Amino acid sequence: MTYLVLASIGLSIVIAQVRGGKLSQLGEIRFRLWWVIPVVTLVQSALVRSPHPEERLAWWHPRPVIMVSSYLVLCAVVWLNRDLPGMRIALAGIALNLLAIAANGGYMPVSPTALARITRDIVSNPQIGSVVRGSKDVVLPSQQALFWVLGDVLVIPPPFPWPTAMSMGDVLVAVGVFVFILGTTRPHRESEQDK
Amino acid sequence: MKQVTQSLKLFAAEHVNDKTMRVALVLLTLVTLVISAGAPVSSGGSNGGR
């Protein structure tokens with residue numbers, strides 16, 4: 001995922017530059033409570049890396065509760081910054097992921113079929129209800145997952161170098177960040193001509 | 001966690017007037033936003049929480 005994140009943000013920066021935008025204008029943005037977001041990332045990272053049972057925990061255990069709470073915090077911070085370009089799109093994406101994760105006991109559902117398409121090293125079928133190690137996901141067939149359509153259903157299979165299954169929420173978050181970079185680095189000249 | 005928050009705030013307070021640093025902080029915010037808000041799963045199990 002790290003490569004995909006860097007690639008998507010890198011691509012936005014390149015497109016912004018090609019359009020004559022100035023990256024330095026990002027420094028003029030006042031992103032309220034920005035520091036909360038890296039803290040949430042650290043908390044989630046600790047959660048997914050911490051030792052836990054192979055099967056998903058009941059929703060009242062700390063792991064699912066903290067995961068859902070972290071999404072609520074993200075929603076609140078992005079809501080505070082909703083007037084910035086693209087942040088409403090990102091907020092919609094976070095809300096969709098929150099809905100899917102909260103409805104499925106604190107885990108993002110991924111179907112065994114989707115998982116098998118991206119994981120080259122799995123020989124047998126993944127066990128239903130098992131947590132995908134080092135991830136926020138739980139293996140659930142669409143019939144057993146609530147709001148399965150909001151789960152990781154969009155698959156980029158090999159030969160893509162980083163085969164990935166992602167949700168519609170993930171796509172909206174990436175689009176929101178893309179719009180943010182293009183919107184905030186737009187040359188001032190353009191807006192002056194509009195007046 | 002308190003220490004991390006404190007360090008981030010102190011770091012920002014010291015360097016917030018430096019424009020390059022402000023750009024870097026906004027980019028850091030965006031990267032961490034995509035990582036924490038996303039929940040994809042990649043080959044090998046790596047995902048948005050990493």
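What follows is a set of questions and replies on a predicted model with chains A and B.

Local features in this model need pLDDT of at least 70, and side-chain atom pairs count only at pLDDT 80 or more, while totals for chains, interfaces and linings use all residues. Residues are numbered from 1 along each chain as its sequence is written, chains are lettered from A in the order in which they are written, and side-chain values use heavy atoms, with hydrogens and water left out.

Me: What makes up the secondary structure of chain A?
Reply: Chain A has seven helices and four strands. Helices (H or I, at least four residues) and strands (E, at least two) are DSSP runs, numbered from the N terminus. In sequence order the pattern is α-α-α-α-β-α-β-β-β-α-α. The C-alpha trace of chain A spans about 60 × 40 × 25 Å along its principal axes.

Me: Why is A:Asn81 called buried?
Reply: Buried means under 20% relative accessible area, exposed over 50%, and partly exposed in between (1.4 Å probe, protein chains only). A:Asn81 has 3% relative accessibility, so it counts as buried. A:Asn81 sits in the loop between helix 3 and helix 4 of chain A. Leaving out residues up to four places away in sequence, A:Asn81 touches A:Arg30, A:Phe31, A:Arg32 and A:Met87, where contact means heavy atoms within 4.5 Å.

Me: What makes the approach of A:Asn81 to A:Val77 a polar contact?
Reply: A polar contact is a pair of N or O atoms within 3.5 Å; within protein, one must be able to donate a hydrogen and the other to accept it, and residues adjacent in sequence count only if both atoms are side-chain atoms. The side chain of A:Asn81 reaches the backbone oxygen of A:Val77 at 2.8 Å, therefore within that limit.

Me: Why is A:Gly10 called partly exposed?
Reply: The relative accessible area of A:Gly10 is 29%, so it falls between the two cut-offs. A:Gly10 belongs to helix 1 of chain A. Its C-alpha atom is 9.6 Å from that of A:Phe178, 168 residues apart along the chain.

Me: How do you know that B:Lys19 forms a salt bridge with A:Glu28?
Reply: A salt bridge is a side-chain nitrogen of Lys or Arg within 4 Å of a carboxyl oxygen of Asp or Glu. The closest N and O atoms of B:Lys19 and A:Glu28 are 3.2 Å apart, so the pair meets the rule. The rule finds one salt bridge across the interface of chain A and chain B.

Me: What else describes the interface of chain A and chain B?
Reply: In this interface, 53 residues of chain A are in contact with 35 residues of chain B. The two chains bury about 3800 Å² between them, 73% of it on carbon and sulfur atoms; this is the accessible area (1.4 Å probe) that two parts lose on being put together, summed over both. There are 13 residue pairs in polar contact between the chains, both residues at pLDDT 80 or more.

Me: What makes the set around B:Leu33 a nonpolar core?
Reply: A nonpolar core is a set of buried Ala, Val, Leu, Ile, Met, Phe, Trp, Tyr and Cys residues joined through side-chain atoms within 4.5 Å. The largest one has 48 residues, and those with the most contacts inside it are A:Ile9, A:Ile94, A:Phe180 and B:Leu33. Helix 2 of chain B gives the largest share of this core, nine residues. Apart from it lies another core, of eight residues, among them A:Val110 and B:Val41.
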